[in-house]
Amino acid sequence: MERTHIAQLKDHIGKEVRVRAVVDTIRNQGKIIFIVLRDRSGKVQSVAWHGDEEVFKIAKTLTHESVVDIIGDVKEAKQVKCGYEVGIKELKIDSLAKAPLPITIEELHTENISVLDKRLDYRWVDLRSQKNSLMMDISTLLGHTLRGYCFEKGLIEIQAPRIISAASESGASVFEVKYFEGKAYLAQSPQFHKQMGIASGLEGVFNMGPVFRAEKSFTTRHLTEYTSFDVEIGYIDSYKDVCRFEQEMIVSTLETVKKKYGEKIKEIFGVEVKIPKDDFPMITVAEAKEKLAKAGVVSKNVGDFSPEEEKAIGEIIEEETGSEFFFMTDYPHARRAFYHMKDEKNPTVALGFDLFWKGLEITTGAQREHRVDYLRENAKERGNDGSTMDEYFEYFEYGCPPHGGFAIGTERFLMKLLNLSSILEATFLPNTPNRLGKRLARKK
Ligand code: AMO
């Protein structure tokens, strides 16, 4: 007999069904046992009756979160909210859950009962909560929508290699791996290969996939492995063309998310998904520093922002313009990646940007230096003589259109969308300096 999902049971009243689900709660009332079943589509009450000895005997052994396979009749039941329940006729336990559970599964509207570290150690149990289940639904829609947007715009999807021969971002934050007799690196970004896509005549490319950062950052916004959504577009006139593409992509994505999950996000996460109405404001680093100084926020770094500054400038811009998003431009070139193009009028400035959302950097982007001599010069300024990057430089030696692009940290995006307190909450199974799956044992 085919399985019927719980949400579909309403169309089967008076009929026999097969339900395969998890035991959400059990109420044993002596002669009758009520078992609330749960699958991804919903919950339903089922009933085991002492008159059916075989079923009753098995029902008495059930534990929370056990997986069952039930044949029963969907019957009208006025005492339950949905108006029907399942009278169990056959009960098979597919998997008996050990009791007690290692963590409390956080339920709707309750605060985190188990601490985050412990919850992450048992992530497969933690992800069963209504909140996390919704988070995974939204994460799926997010990736699907971003990819769909780029597809609709005619961009080509690439799968950039993740084992590469040279570090693309900074040499300090790269994981080295053994590659037969030699060594290789885990990609920190598909940066070089999305640019290769432009040199390949693809004109516009996108890539969603894992990237790796060997940074010992114990913060609420850093992972050692995260999913980057990368875009690169050819034949641009300015990095502002890239900003426009990203802005339109984000607005369209938020519209899709709001349409499908807006109500649920409000109910379960208490967050209103706001659709930006106007262009995202653009402000230069110098202007931002000035605004921060006026607001009394201390700055330690001229060309960069501390998390406190990011949060404060986010609030200032939102207050001034009503926008949760803004682009920050005109960073000092020396503080950006060598492949950013320099501003011809003022070569100390990079033609790039960061996009902030609710006080957090969610994107870096730029127009790239596609003229190979300038590119080699830029690399030299960073102390790289180019020998490890010859392959990358070659991409620009046989004709390459002017181009630019950006990358969104998808977990940061989801974290901000749902106002989660940590990026770890927005990740299926987060890897950090002290977690690979579970928390790593400390070295003595
Ligand atoms: P960048 O290094 O700024 O730029 O990364 C782009 C975006 O990725 C996210 N991000 C992270 N998310 C989680 N954990 C981390 N450790 C982490 N580091 C970065 C952020 C960030 O804005 N190649 C360029 C992009 C480009 O120019 O196209 C790059 O990777 O949201």
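This passage describes the ligand site and a small set of paired strands in a predicted model.

The ligand occupies the largest pocket. Its shell holds 22 residues, of which Gln191, Lys194, Glu361, Thr364 and Arg368 come nearest. By class, 7 residues of the shell are nonpolar, 8 are polar and 7 are charged. Three elements each supply at least two residues of this shell: helix H5 (191–199), strand E15 (360–367) and strand E16 (403–409). Strand E15 gives the largest share, with 5 residues.

Polar contacts to the ligand involve both side-chain and backbone atoms of the protein. At Glu361, a polar side-chain atom lies 2.5 Å from an oxygen atom of the ligand. At Ile362, a polar backbone atom is 2.9 Å from an oxygen atom of the ligand. At Leu223, a backbone N or O atom lies 2.9 Å from a nitrogen atom of the ligand. The ligand taken alone exposes 620 Å², and the protein buries 94% of that area.

Elsewhere in the chain, strands E7, E9 and E8 were examined. These 3 strands form an open sheet in the order E7-E9-E8, with antiparallel pairing. Strand E7 (163–164) and strand E8 (176–179) are the edge strands, and each pairs on one side only. Strands of a sheet pair through backbone hydrogen bonds, either parallel or antiparallel. Between E7 and strand E9 (residues 182–186) there are 2 bridges, and the two strands run antiparallel. Ile163 has Leu186 of E9 as its bridge partner.

Note on methods:
Residues numbered from 1 in each chain as written. Predicted model: local features only at pLDDT ≥ 70, side-chain atom pairs only at ≥ 80, totals over all residues. Heavy atoms only, no water. Near = heavy atom within 4 Å. Polar contact = N/O pair within 3.5 Å; in protein donor to acceptor, adjacent residues only side chain to side chain. Areas by Shrake-Rupley, 256 points an atom, 1.4 Å probe, with all protein chains shown as cover. 1 Å grid on protein atoms, 1.4 Å probe; cavity = no way out; pocket = protein on both sides within 12 Å on 5 of 7 lines; lining within 4 Å. Sits in = over half its atoms within 2 Å of the grid points. Helix = DSSP H or I, 4+ residues; strand = E, 2+ residues; numbered from the N terminus. Nonpolar A, V, L, I, M, F, W, Y, C, P; charged D, E, K, R; others polar. Pairing = 2+ DSSP bridges.
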